[in-house]
Amino acid sequence: MLKFVSGWAGFPALFPHISSRYPFYLPFVTHTEQDIETALEEGGEYLAGWSTGAHIILKNIDKIMDKYEKIFLFAPFISFCDYFHTQVIMLMIKKMKRDPQAVLHDFYDKCGITGFQPETDTNITNGLIEGLEFLMTSRANAEGLNAAEKVILVQGANDMIVNFRASEDVADMLHGEKLITLECGHYIKESRISDIIYENTHKKIF
């Protein structure tokens, strides 16, 4: 029924109900970009992505839009470095190699997430570094694609990670879609994700 592509460091524990019930993809940690693209092209009923996950979906939107009834992009962006200075990501990468827990703590704090600190090992840390490197260069291009009645954008009004203008730029690029503003930061709780999916499909995901 639902596929969910998470964001950078968006571990399953942040979305426990979704990750335990549906295919869940954590970019560069549990799945490569190619793995995710292959899964997206298989189609399904509903597709949702948060942050980096929303960006990966956006990069493939022209190929997959007709394969889903609804696509939900939470905190999407065309290119992360259009809104976030490359130097900051470079510093994060440098620090990830020395103290990944400190980087994650700072990131979650900016996301509005409290009391969450996942365990990391070398493979996880390397995957997170790969994800940061990806964000420095990746860009979506879907100019002229009409996403009316298909794609729904959701953005936190107080997002400190993805600038609100990022969703507005996605809205401009995808003509005719719906943009919902929430009173929250970058992290959007799965209960709110569930509500938005229900409000726009009349189907409960849990």
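These legends walk through several views of a predicted model of one protein chain.

**View 1. The whole chain, with its nine helices and six strands.**
Here's the full picture to start from. The C-alpha trace spans about 45 × 35 × 35 Å along its principal axes. For 206 residues, a compact globule would have a radius of gyration near 17 Å, and the chain's 16 Å agrees with that. Of those 206 residues, 57% count as buried. Take the contacts with a separation of 6 or more: 70% of them come from residues 24 or more positions apart.

**View 2. The surface of the protein chain and its charges.**
The accessible surface adds up to about 9300 Å². Carbon and sulfur atoms account for 48% of that surface. As for charge, there are 19 positive and 28 negative side chains. The centres of these two sets sit 2 Å apart.

**View 3. An open sheet of six strands.**
Read across the sheet and the order is β2-β1-β3-β4-β5-β6, with parallel pairing. At the edges are β2 (24-25) and β6 (178-182), each of which pairs on one side only. In general, strands of a sheet pair through backbone hydrogen bonds, and can do so either parallel or antiparallel.

**View 4. Strands β1 and β3, side by side.**
Zooming in on the sheet, we meet β1 (residues 2-5) and β3 (residues 46-50), which run parallel. Four bridges join this pair. Look for Leu 2, which stands opposite Tyr 46 in β3.

**View 5. Ser 167, a buried residue in helix α8.**
Helix α8 covers residues 164-173, and Ser 167 is part of it. The relative accessibility of Ser 167 is 0%, so this residue counts as buried, the cut-off being under 20%. What does Ser 167 touch, leaving aside neighbours within four places in sequence? Its contacts are Ala 75, Pro 76, Leu 153, Val 154, Gln 155 and Leu 179. Leu 179 lies within the range of edge strand β6 (178-182).

**View 6. Thr 86, a partly exposed residue in helix α5.**
This close-up moves to helix α5, which runs over residues 86-96 and includes Thr 86. Thr 86 has 28% relative accessibility, so it counts as partly exposed. Not counting residues up to four places away in sequence, Thr 86 touches Cys 81 and Met 136. How far apart in space are Thr 86 and Glu 41, C-alpha to C-alpha? They are 30 Å apart, with their positions 45 residues apart in sequence.

Note on methods. Residues numbered from 1 in each chain as written. Predicted model: local features only at pLDDT ≥ 70, side-chain atom pairs only at ≥ 80, totals over all residues. Heavy atoms only, no water. Helix = DSSP H or I, 4+ residues; strand = E, 2+ residues; numbered from the N terminus. Rg over C-alpha atoms; globule rule 2.2 N^0.38 Å. Buried < 20%, exposed > 50% of the residue type's maximum accessible area, 1.4 Å probe, protein only. Contact = heavy atoms within 4.5 Å. Areas by Shrake-Rupley, 256 points an atom, 1.4 Å probe, with all protein chains shown as cover. Lys, Arg positive; Asp, Glu negative; His and termini not counted. Charge placed at Lys NZ, Arg CZ, Asp CG, Glu CD. Pairing = 2+ DSSP bridges.
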